[in-house]
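Open your viewer and keep the selection tool handy. This tour moves from the whole chain to a strand, a helix and a loop, with a stop at each.

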Amino acid sequence: MLNAQLAQADRYQADRYQRFADLAVAVGDAIDAIAGLNPAQRTDVDFLEREFIPALGLNDELLHEQPPELAPNFGKGLHLWQYPNQLAPYLAWLARNSSGVSSYMEIGCRWGGMFILVTEWLRNSGADLKTVIALDPIAPTPFISTYFDLLQQQAAIEPIYIQDFSTSPLVGAHVDRLKPDFVFIDGDHSLRGALQDHLLVRSHARIIVHHDIHSQACPDTTLLWKALKQFETPSFDTFEFTSQYPSVNGSFLGIGAMKRRSAQM
């Protein structure tokens, strides 16, 4: 039984890789779409939620957690596993807080859609990016490989992919060397794992963002965010993006941003 399950998982992974290879053109399309926005559009939450984000393409997994009214956008483009009504105000906030960001790290980049979106959002919102780091135990996906090729051709940004777990000494050495100042945490969703990721980057990062902070499917990360809001109050201001869709039975996802008070950004 175990061997059959492992074989099925391997087939699923191979099928997904091929699917994203077939969709790799979406990476260039997304880059062009983000670059084409004007400053007013980057902070227009209603426009971002209703038009721009759905057009980038949404995830097609665990659809019982997804609002059915967004079905035409499932399984397309960047496959963003985000609610547009959470992601839109987060991106608007990020557009106002990108200045001074020189390095971006995503812990748990998976297929790469969110990593690509945020990196390009930073680039087009005043950040002076020098380094971007994508971390995940799986091999670089077609989206990530395509994007890294484009970065190396078009931008003076060093892209780094680390295929490993965030607890490895190699990752710790990279963090100590690169000192990323903006980190998105979406890796191990256990309480211990997510807290370790927070502590891994806390001494360097000026912005730390946690995912799944308001999700019944992720009670540990939801609990951790509640704790961090209290424990980190002396050093960080916190911002939450947790709107839900009435058409969904339950509460899911959620983005929590922490901005170090001493940072002038």
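A contact here means heavy atoms within 4.5 Å. With that in hand, look at the whole chain: among contacts with a separation of 6 or more, 73% join residues 24 or more positions apart. One thing to keep in mind as you click around is that this is a predicted model.

**Stop 1: the whole chain**

Show everything as a cartoon. You should find 10 helices and 7 strands. Along its principal axes, the C-alpha trace spans about 50 × 45 × 45 Å. How does the radius of gyration of the chain fit that of a compact globule with 265 residues? The chain has 18 Å and such a globule would have a value near 18 Å, so the two agree.

Now switch on the surface. The chain exposes about 11,700 Å², and carbon and sulfur atoms supply 53% of that area. Of the 265 residues, 54% count as buried. If you colour by charge, there are 20 positive and 30 negative charges to pick out, and their mean positions lie 6 Å apart.

**Stop 2: strand β7**

Select residues 255-260, which form strand β7. Is this strand mostly covered or mostly open? It is mostly covered, with 6 of its 6 residues buried. Turn the strand to see its two faces: Ile255, Ala257 and Lys259 point one way, while Gly256, Met258 and Arg260 point the other way. Residues on both faces are buried, the charged Lys259 and Arg260 included.

Next, add the partners of β7. Select residues 207-211 for strand β5, which runs antiparallel to β7 and is joined to it by 5 bridges. Then select residues 236-241 for strand β6, which also pairs with β7 in the antiparallel sense, over 6 bridges. Lys259 is a handy place to centre the view: its bridge partner in β5 is Ile207, and Asp237 of β6 stands opposite Lys259 too.

**Stop 3: helix α2**

Select residues 25-35, helix α2, and pick out Ile34 within the helix. Ile34 has 0% relative accessibility, and because buried means under 20%, Ile34 counts as buried. Which residues beyond four places away in sequence does Ile34 touch? They are Phe52, Leu117, Glu120, Trp121 and Asn124. For a distance check, draw a line from Ile34 to Val118: the two are 84 residues apart in sequence, yet their C-alpha atoms are 9.9 Å apart in space.

**Stop 4: the loop between α4 and α5**

Select helix α4 (45-56) and helix α5 (84-95), then look in the loop between them for Leu70. Gln66 is found in this loop as well.

Start with Gln66. Is Gln66 buried or exposed? Its relative accessible area is 6%, so Gln66 is buried. Leaving out residues up to four places away in sequence, Gln66 touches Asn59, Glu61, Phe74, Trp81, Tyr83 and Val248.

Move on to Leu70, which counts as buried because its relative accessibility is 11%. With the same sequence neighbours left out, Leu70 touches Leu58, Pro84 and Tyr245. As a last step, draw a line from Leu70 to Ser235: these residues are 165 apart along the chain, and their C-alpha atoms are separated by 38 Å.

How values were computed:
Residues numbered from 1 in each chain as written. Predicted model: local features only at pLDDT ≥ 70, side-chain atom pairs only at ≥ 80, totals over all residues. Heavy atoms only, no water. Buried < 20%, exposed > 50% of the residue type's maximum accessible area, 1.4 Å probe, protein only. Helix = DSSP H or I, 4+ residues; strand = E, 2+ residues; numbered from the N terminus. Pairing = 2+ DSSP bridges. Rg over C-alpha atoms; globule rule 2.2 N^0.38 Å. Areas by Shrake-Rupley, 256 points an atom, 1.4 Å probe, with all protein chains shown as cover. Charge placed at Lys NZ, Arg CZ, Asp CG, Glu CD.
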